Amino acid sequence: MTTIDHLGIAVKSLDQALKFYRDQLGLNVSLRETVEHEKVNVAMLPLGEPRIELLEPTTQDSVIGKFIEKRGEGLHHVAIRVPDLVASVEKLKSSGARLLNEPRQGAGGHLYVFVHPSSTGGVLLELIQA
Ligand code: CO
């Protein structure tokens with residue numbers, strides 16, 4: 001475990017959220033892309049090494065779309081950077097943690113998995129190999 005990689009924040013509109021995070025708070029956007037398989041538009045804004053990840057759903061039936069519908073905009077997940085994702089996943093699986101997906105590529109081409117909140121004390125946790 002090296003650092004918090006990012007905080008994922010679900011927003012209805014990236015352009016609206018960027019008016020705060022970029023224009024008012026003064027953060028820079030280091031990456032903006034669409035992750036098709038997650039049905040999200042992503043903007044990454046570094047805060048030193050860790051980043052804020054703004055997530056805008058591209059469809060209502062996406063994970064982020066449903067999250068916003070149910071709970072409104074807000075903090076969606078915390079991402080921790082790991083040096084070897086496959087090793088971390090093996091260790092978690094063998095100790096009974098509940099993973100939500102097999103390692104796959106997300107924004108910026110980085111490998112990630114999500115760990116279910118029932119295993120983490122109620123927080124949706126992303127492990128990312130960056
Ligand atoms: Co994330």
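Colleague: What makes the eleven residues of the largest nonpolar core a core?

Modeller: The set consists of Ile-9, Val-11, Leu-14, Ala-17, Leu-18, Tyr-21, Leu-27, Ala-43, Leu-45, Ile-52 and Leu-54. A nonpolar core is a set of buried Ala, Val, Leu, Ile, Met, Phe, Trp, Tyr and Cys residues joined through side-chain atoms within 4.5 Å, so the name follows from that rule. The model is predicted: local features need pLDDT of at least 70, side-chain atom pairs count only at pLDDT 80 or more, and totals for chains, interfaces and linings use all residues. Residues are numbered from 1 along each chain as its sequence is written, and side-chain values use heavy atoms, with hydrogens and water left out.

Colleague: Which elements each supply at least two residues of this core?

Modeller: They are α1 (14-24), β3 (40-46) and β4 (51-57). The largest share, four residues, is from α1. Helices (H or I, at least four residues) and strands (E, at least two) are DSSP runs, numbered from the N terminus.

Colleague: With which residues is Ala-17 in contact, leaving aside neighbours within four places in sequence?

Modeller: Val-11 and Leu-54. Contact means heavy atoms within 4.5 Å. There is also a second, separate core of ten residues, including Val-35, Val-40, Ile-64 and Phe-67.

Colleague: What makes an atom a protein donor of the cobalt ion?

Modeller: Donors are N, O and S atoms within 2.8 Å of the metal (3.2 Å for Na, K and Ca); water is not among the atoms, so sites may look incomplete. His-6 (NE2), Glu-53 (OE), His-77 (NE2) and Glu-126 (OE) lie 2.0 to 2.2 Å from the cobalt ion. Their spacing along the chain is H-x46-E-x23-H-x48-E. His-6 in strand β1 (residues 3-10) and Glu-126 in strand β8 (residues 125-129) are 120 residues apart.

Colleague: Why is the site of the cobalt ion called irregular?

Modeller: The angles among its four donor atoms run from 84 to 170°. Four donors count as tetrahedral if all angles lie between 85 and 135 degrees; four count as square planar and six as octahedral if opposite donors are over 155 degrees apart and all others between 65 and 115; anything else is irregular. The site of the cobalt ion therefore goes down as irregular.

Colleague: Why does Pro-83 count as buried or exposed?

Modeller: Buried means under 20% relative accessible area, exposed over 50%, partly exposed in between (1.4 Å probe, protein chains only). Pro-83 has 61% relative accessibility, so Pro-83 counts as exposed. Pro-83 is in the loop between β5 (74-81) and α3 (85-94). By contrast, His-6 and Glu-126 are both buried.

Colleague: How do you know that Arg-51 forms a salt bridge with Asp-5?

Modeller: A salt bridge is a side-chain nitrogen of Lys or Arg within 4 Å of a carboxyl oxygen of Asp or Glu. The closest N and O atoms of Arg-51 and Asp-5 are 2.5 Å apart, so the pair qualifies. Arg-51 in strand β4 and Asp-5 in strand β1 are 46 residues apart, and both are buried. Asp-5, Glu-49, Arg-51 and Arg-81 are linked in a network of salt bridges. The whole structure has eight salt bridges.

Colleague: What are the closest N and O atoms of Arg-104 and Glu-38 apart by?

Modeller: The distance is 3.3 Å, and the pair forms a salt bridge. Arg-104 counts as partly exposed because its relative accessibility is 34%, whereas Glu-38, at 16%, counts as buried.
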